[in-house]
Amino acid sequence: MPDPTLSRMTVVTQRAPQPPPVTALSRDDARRMALRAQGLLGAPDRRAGVRGVLRHLGAVQLDTISVLARSHELVPYARLGPVGRPAVEAAYWGTAPSDAPAPRPHSFEYWSHAACILPIEEWPHFAFRRRARRAKGHRWHIMEDSDRSCAAVLDRLAADGPLTTSELGGGRNGGEWWDWSETKIAVEWLLDTGQVVCTERRAWKRVYDLAERAVPEALLHDDLDDTECLRRLVAQAGAAMGVATRADLADYHRLKAEQVDAVVADSGLVPVEVEGWGKPAWADPAALAAPPRGRHRTTLLSPFDSLIWDRPRTERIFGFTHRLEAYVPRPQRIHGYFAMPLLAGGRLMGRVDPAREGTTLVARQVSMQGPKAVAPMARALREAADWVGCDSVRVDRCDDGKLAAALRSELTHMSE
């Protein structure tokens with residue numbers, strides 16, 4: 001006989017928790033979000049200035065090449081317009097006002113996407129990388145007496161304050177990067193592992209100081225575990241890019257894919273689907289909440305600008321293939337030694353390989369994607385010329401004769 005109590009029971013089926021809905025974005029949505037996140041769409045925050053650009057981007061890449069200017073100068077120029085070049089350097093390497101409780105650097109140089117200027121507030125979040133370097137035990141250079149060499153460098157910095165490698169008595173034995181002196185190897189090892197910090201470039205030479213003296217006391221620690229460091233850097237990269245794939249997030253600070261996978265769910269980034277990307281992506285919730293709108297910046301971009309330093313991402317977002325040809329043999333170059341993409345109307349519309357001859361900015365080689373790119377290219381060249389102190393612009397070569405004539409005519413009209 002059936003148990004009468006069973007007939008009165010309600011069967012409850014427990015459902016597995018459902019994943020949150022995934023926001024769908026068009027290609028144009030993703031492109032505009034990327035531009036806004038990078039500070040190239042909408043009015044720039046001039047009050048925050050160069051330091052604000054650095055804090056927002058999280059990393060500004062350094063490079064030895066200087067054509068119009070060095071890349072770390074070109075990055076704030078692209079976002080803020082013709083800010084004075086001495087002001088750019090002062091903003092990166094200067095200290096807090098004298099009335100501050102304790103003067104401190106605003107930035108430091110360390111390994112991120114490459115050798116980068118980083119906001120000083122990010123010092124604790126690179127503890128995972130310093131620990132990894134220490135665990136490895138050495139750089140690719142081998143020191144004959146590492147303990148003695150490192151101790152000598154630390155003693156000298158403690159006694160004499162911030163110094164360059166040459167002031168420390170080191171450098172290169174021959175002339176190549178692999179032929180470093182014992183002192184140079186030691187100070188770079190100390191930089192890698194966090195006992196020494198670079199808080200300035202002087203005549204393009206790193207200036208080293210003791211971390212305990214240069215980094216504010218509240219930040220001078222490696223207390224955060226690897227997971228917390230990675231979570232912060234993935235979240236920061238997502239905010240700086242607006243929307244990104246796993247590969248994008250990894251590339252920004254040169255993390256491993258598995259490191260991104262381990263923390264992305266707890267990073268605060270929101271899963272999205274982007275039209276045509278064909279890969280999972282994540283967006284900064286602030287970028288999703290505020291539809292990107294405003295005025296587009298027209299400017300020339302350094303090839304090392306964080307908007308375009310990841311070539312696959314650049315092609316995916318802008319349909320624009322770019323390659324730095326500085327290290328390509330001259331006969332094999334297509335667009336020139338240091339071709340700078342033209343950003344206009346939120347799109348990459350061409351490129352120019354610039355140089356300077358006295359007070360003339362020379363566009364050694366130009367390519368443009370149709371007649372609509374002519375006026376923006378002329379404006380970008382004219383503004384760049386003014387910024388670096390040139391009073392004229394000369395176009396040498398262009399891959400389209402009609403566009404070349406139109407560009408020269410536009411430049412002439414602007415100078416009248």
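Start at the hairpin of β8 and β9 and select Gly-276: 6 residues lie between the two strands, and Gly-276 takes a positive phi near 85° there. Strands here are DSSP runs of E with at least two residues, helices are runs of H or I with at least four, and both are numbered from the N terminus. You're looking at a predicted model, in which local features need pLDDT of at least 70 and side-chain atom pairs count only at pLDDT 80 or more, while totals for chains, interfaces and linings use all residues. Residues are numbered from 1 along each chain as its sequence is written, and side-chain values use heavy atoms, with hydrogens and water left out.

Now colour the strands on either side of that turn. β8 and β9 (residues 281–283) are antiparallel, with 3 bridges between them; two strands count as paired if DSSP finds at least two bridges. Pick Val-270 and you'll find its bridge partner in β9, Ala-283. Next, bring in β1 (residues 23–25), which runs parallel to β8 (residues 270–274) and is joined to β8 by 3 bridges. Within that pair, Ala-24 stands opposite Glu-273.

Next stop, α3 (49–57). Select Gly-49, Val-50, Gly-52, Val-53, Leu-54 and Leu-57: these are the buried residues of the helix. Buried means under 20% relative accessible area, exposed over 50%, and partly exposed in between, with a 1.4 Å probe and protein chains only. Step one further and Gly-58 follows α3 with a positive phi, near 85°.

Stay with α3 and show the second largest pocket, since α3 supplies the largest share of its lining, 5 residues. A pocket is an open set of points on a 1 Å grid over the protein atoms alone, where a 1.4 Å probe fits and protein lies on both sides within 12 Å along at least five of seven lines; lining residues have an atom within 4 Å of a point. The volume is about 480 Å³, meaning the space filled by probe spheres set on points joined across faces, edges and corners. Of the 24 lining residues, select Arg-36, Ala-37, Gln-38, Gly-39 and His-56 for those closest to the centre. α2 (27–37), α4 (71–80) and α14 (285–289) are among the helices that each supply at least two lining residues. By type, the lining splits into 14 nonpolar, 6 polar and 4 charged residues, where Ala, Val, Leu, Ile, Met, Phe, Trp, Tyr, Cys and Pro are nonpolar, Asp, Glu, Lys and Arg are charged, and the others, Gly among them, are polar.

Jump along the chain to the open sheet of 5 strands, ordered β10-β11-β12-β13-β14 with mixed pairing. Its edges are β10 (299–300) and β14 (392–395), each pairing on one side only. Inside, β12 (residues 347–357) and β13 (residues 360–368) are antiparallel over 8 bridges; select Gly-350 to see Met-368 of β13 opposite.

Last selection: Gly-336, in the loop between α15 (311–318) and β11 (340–344). Is Gly-336 buried or exposed? Gly-336 is buried, with a relative accessible area of 7%. Leaving out residues up to four places away in sequence, Gly-336 touches Glu-325, Asp-353 and Gln-365, contact meaning heavy atoms within 4.5 Å. Draw a distance to Val-366, 30 residues along the chain, and the C-alpha atoms are 8.9 Å apart.

Zoom out to finish: the protein has 17 helices and 14 strands, and 51% of its 416 residues count as buried.
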